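Trainee: Hi! Could you walk me through this one while I have it open?
Mentor: Sure, let's bring it up.
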Amino acid sequence: WASERLRNDKDVALTAVRDDKPGPEPARALGIASKRLRDDRDVVLAAVREHGTALEWASERLRDDRDVVFAAVRQDGRAFEWASERLRDDWDVVVA
């Protein structure tokens with residue numbers, strides 16, 4: 001596993017999530033990032049644009065961010081499962 005210093009490095013996290021391509025395995029790069037970076041909008045958006053189900057690892061605050069959730073659901077409809085309750089009731093997100 002990566003050291004705490006690397007897990008807190010935004011540039012490392014951005015590179016990792018962009019390289020975490022969709023496939024049979026779930027997205028994991030965001031899951032090993034620090035709690036602070038899982039609450040960083042830039043990092044989470046980069047992750048969900050590559051692998052929508054990375055939303056699972058995002059902070060609760062970003063699971064309630066309409067743009068983040070919309071990007072995740074558009075990339076992979078299964079990401080809807082990790083959207084906030086408020087956004088699961090948003091028709092535009094539901095049909096994304």
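Trainee: Let's begin with Arg78: is it buried or exposed?
Mentor: Arg78 is exposed, at a relative accessible area of 55%. Keep in mind that this is a predicted model.
Trainee: And which residue does Arg78 form a salt bridge with?
Mentor: With Asp76; their closest N and O atoms are 2.6 Å apart.
Trainee: What about Asp76 then, buried or exposed?
Mentor: Asp76 is buried, with a relative accessible area of 13%. The cut-off for buried is under 20%, while exposed takes over 50%.
Trainee: How many salt bridges does the structure hold?
Mentor: There are 10. Some share partners, and in this way Lys10, Asp40 and Asp42 are joined into one network.
Trainee: Take Lys10 and Asp42. What is the N to O distance in their salt bridge?
Mentor: It is 3.0 Å between the two side chains. Lys10 belongs to helix α2 and Asp42 to helix α4, so the pair ties together parts 32 residues apart in sequence.
Trainee: And what are their relative accessibilities?
Mentor: Lys10 has a relative accessible area of 29%, which makes it partly exposed. Asp42 is partly exposed too, at 47%.
Trainee: Which residue pairs with Asp39 in a salt bridge?
Mentor: Arg61 does, and the closest N and O atoms of that pair are 2.9 Å apart. This pair also links distant parts of the chain: Asp39 sits in the loop between α3 and α4, Arg61 in helix α5 (residues 60-63), and they are 22 residues apart. Asp39 is partly exposed at 29%, and Arg61 is partly exposed at 49%.
Trainee: Okay, switching to the fold. How many helices and strands does the chain have?
Mentor: It has 8 helices and 0 strands, so you won't find a sheet to look for.Trainee: Let's look at α2. Which of its residues are buried?
Mentor: In helix α2 (residues 10-19), those are Ala13, Leu14 and Val17. Viewed down the axis of α2, they fall within an arc of 100°, so they line one face of the helix.
Trainee: What do those buried residues pack against?
Mentor: They pack against α3 (29-32) and α4 (41-50).
Trainee: And which exposed residues are on the face turned away?
Mentor: Asp11 and Asp19. At the start of α2, the backbone nitrogen of Asp11 has a side-chain oxygen of Asp9 within 2.9 Å.
Trainee: Last topic, the surface. Which residues make the nonpolar patch?
Mentor: Trp91, Val94 and Val95 make a nonpolar patch of about 320 Å². Val94 is in helix α8 (residues 91-94), and at 38% relative accessibility Val94 counts as partly exposed.
Trainee: What does the accessible surface of the chain come to?
Mentor: About 5800 Å², with 48% of that belonging to carbon and sulfur atoms. As for burial, 41% of the 96 residues count as buried.

Methods. Residues are numbered from 1 along each chain as its sequence is written. This is a predicted model: local features need pLDDT of at least 70, side-chain atom pairs count only at pLDDT 80 or more; totals for chains, interfaces and linings use all residues. Side-chain values use heavy atoms; hydrogens and water are left out. Buried means under 20% relative accessible area, exposed over 50%, partly exposed in between (1.4 Å probe, protein chains only). Helices (H or I, at least four residues) and strands (E, at least two) are DSSP runs, numbered from the N terminus. The arc is that of the directions from the helix axis to the C-beta atoms. Contact means heavy atoms within 4.5 Å. A polar contact is a pair of N or O atoms within 3.5 Å; within protein, one must be able to donate a hydrogen and the other to accept it, and residues adjacent in sequence count only if both atoms are side-chain atoms. Accessible areas come from the Shrake-Rupley method with a 1.4 Å probe; for residues, only the protein chains shown count as cover. Patches are made of residues with over 30% relative accessible area and no salt bridge: like charges are joined within 9 Å, nonpolar side chains (Val, Leu, Ile, Met, Phe, Trp, Tyr) within 5 Å. A salt bridge is a side-chain nitrogen of Lys or Arg within 4 Å of a carboxyl oxygen of Asp or Glu.
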